[in-house]
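The following exercises concern helix packing, backbone geometry and burial in one protein. Each task is followed by a solution in steps.

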Amino acid sequence: MQAARKKGKILFEGHHVMFFHDISTELHKKRKRFNDVKQRLCDLKIDYSFMYPAKLRLLHEGKPHVFADPAGKALIAGDFNCTLDTKLDRSSGVDSSHVQRRKKLLQRQQGGVGLLVWAGIIKDELVGPFRVEDGLKINSQNYCQFLEDTFFTQWYRKKPASFKKTMIFMQDNAPSHASKYSNAWLASKGLKDDRKMTWPPSSPDLNPIENLWALLKREIYHEGKQYTSLNSVWEAVVAAARKVDRQQIKKLTDSMDGRLVTVIEKKGG
């Protein structure tokens, strides 16, 4: 193959001869999984290239993005959420007035402090949830230390090197996430350039973790359940997380190709 590339255009009896890599049955199946995404890109007239052995490459805002697996399956979507905050309850099916009453009750009892939780999803796996120390202010330094103590120490370090080379880290543009300090720290962990997803501004719906929070909240506050302490809320979060089916998580991560293509189609709008 290298010799053919070096020689350039090859003619035999006036016909152009082309050489292709030998593709195994397993690789053929892997390449075939990109067909739906490629068709949608063609329908939207978005330029892309498909590289050997099975990588999709496209340009967005002048930057190349390479996907080694369709549907963002090598992408870890992580985020913080305050289980007593009503801002993300729009799609949860929970009556926000009941949530607001529970929030005010616990704020009176806990001095106005809510329970902050971090979790991530990748393929069909739930990473966490991890509880943030009560009252901790999430600045850049504390954010990075939290990731070190939880995500990196308890999950990421156990993964093989081959996985780490393909994983893409996804987070929003919160100040503690997007700061120079945090970017430099994540880069020191190997999460930089194409290993860290570029996040469009004002795009909370891009992250499938938001749908996970909705699932957890539905379970936590099922039938108007109320709590009298942050510890009891945390116990409910852990119990609800254990009930989340792997197929539910896979459905969320599989939705990433459609979300990304929509962002490109709308030009980030």
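Helix axes are lines fitted to C-alpha atoms over the stretch in contact, and the angle between two of them runs from 0 to 180 degrees between N-to-C directions. The model examined here is predicted.

**Exercise 1. Describe how helices α9 and α10 pack against each other.**

Solution.
Step 1. Locate the elements: α9 covers residues 209-220, and α10 covers residues 230-243.
Step 2. Take the geometry: the two axes come within 9 Å and cross at roughly 115°. The handedness of this crossing is right-handed.
Step 3. List the residues that meet. From α9 these are Leu216, Glu219 and Ile220, and from α10 they are Ala236, Val237, Ala240, Ala241 and Lys243.
Step 4. Sort them by class: the contact of α9 with α10 contains 6 nonpolar and 2 charged residues, and no polar ones.

**Exercise 2. Characterise the surroundings of Lys243 in helix α10. Is Lys243 buried or exposed?**

Solution.
Step 1. Apply the cut-off: a residue is exposed when its relative accessible area is over 50%. Lys243 has a relative accessibility of 58% and therefore counts as exposed.
Step 2. Find its contacts. With neighbours within four places in sequence left aside, Lys243 touches Glu219 and Gln248. Glu219 belongs to the α9 side of the contact with α10.
Step 3. Add a distance across the helix pair: the C-alpha atoms of Lys243 and Leu216 lie 9.0 Å apart, with their positions 27 residues apart along the chain.

**Exercise 3. Analyse the crossing of helices α5 and α8, and decide which term describes their relative direction.**

Solution.
Step 1. The helices are α5, residues 140-154, and α8, residues 180-188; their axes come within 8 Å and cross at roughly 30°.
Step 2. Angles under 35 degrees count as roughly parallel. Helices α5 and α8 are therefore roughly parallel to each other.
Step 3. The crossing of α5 and α8 is right-handed.
Step 4. On the α5 side, the residues in contact are Ser140, Gln141, Tyr143, Cys144, Leu147, Glu148 and Phe152; on the α8 side they are Tyr181, Ser182, Trp185 and Leu186.
Step 5. Classified, the contact of α5 with α8 has 7 nonpolar residues, 3 polar ones and 1 charged one.

**Exercise 4. Examine Ser140 and Phe146, both placed in helix α5. What is the relative accessibility of Ser140, and what is that of Phe146?**

Solution.
Step 1. The cut-off for a buried residue is under 20% relative accessible area. Ser140, at 12%, therefore counts as buried. Phe146, at 8%, counts as buried as well.
Step 2. Beyond its neighbours within four places in sequence, Ser140 contacts Pro175, Ser176, Ser179, Tyr181 and Ser182. Among them, Tyr181 and Ser182 are residues of α8 that take part in the contact with α5.
Step 3. Ser140 and Pro175 are 35 residues apart in sequence, and their C-alpha atoms are 7.6 Å apart in space.
Step 4. For Phe146, the C-alpha distance to Glu133 is 9.3 Å, at a separation of 13 residues along the chain.

**Exercise 5. Identify backbone features that depart from the general pattern, and place them in the structure.**

Solution.
Step 1. Recall the pattern: most residues other than glycine have a negative phi, and most peptide bonds are trans.
Step 2. Inspect omega: the peptide bond joining Gly128 and Pro129 is cis, with omega about 5°. Pro129 is placed in strand β8, residues 125-131.
Step 3. Inspect phi at Lys123: the value is positive, about 55°, although Lys123 is not a glycine. Lys123 sits in the loop between β7, residues 116-122, and β8. With a relative accessible area of 39%, Lys123 is partly exposed.
Step 4. Inspect phi at Glu223, which is not a glycine either: it is positive, about 55°. Glu223 occupies the loop between α9 and α10, and at 74% relative accessibility it counts as exposed.

**Exercise 6. Summarise the protein as a whole. How many helices and strands does it have?**

Solution.
Step 1. The secondary structure comprises 12 helices and 9 strands.
Step 2. Of the 269 residues, 41% are buried.
Step 3. The protein exposes about 15700 Å², and carbon and sulfur atoms supply 50% of this area.
Step 4. Among contacts between residues at least 6 apart in sequence, 69% join residues at least 24 apart.

How values were computed: Residues are numbered from 1 along each chain as its sequence is written. This is a predicted model: local features need pLDDT of at least 70, side-chain atom pairs count only at pLDDT 80 or more; totals for chains, interfaces and linings use all residues. Side-chain values use heavy atoms; hydrogens and water are left out. Helices (H or I, at least four residues) and strands (E, at least two) are DSSP runs, numbered from the N terminus. Angles under 35 degrees count as roughly parallel, over 145 as roughly antiparallel, 65 to 115 as roughly perpendicular and the rest as oblique. A crossing is left-handed if the near helix is turned anticlockwise from the far one by less than a right angle, and right-handed if clockwise. Contact means heavy atoms within 4.5 Å. Ala, Val, Leu, Ile, Met, Phe, Trp, Tyr, Cys and Pro count as nonpolar, Asp, Glu, Lys and Arg as charged, and the others, Gly among them, as polar. Buried means under 20% relative accessible area, exposed over 50%, partly exposed in between (1.4 Å probe, protein chains only). Accessible areas come from the Shrake-Rupley method with a 1.4 Å probe; for residues, only the protein chains shown count as cover.
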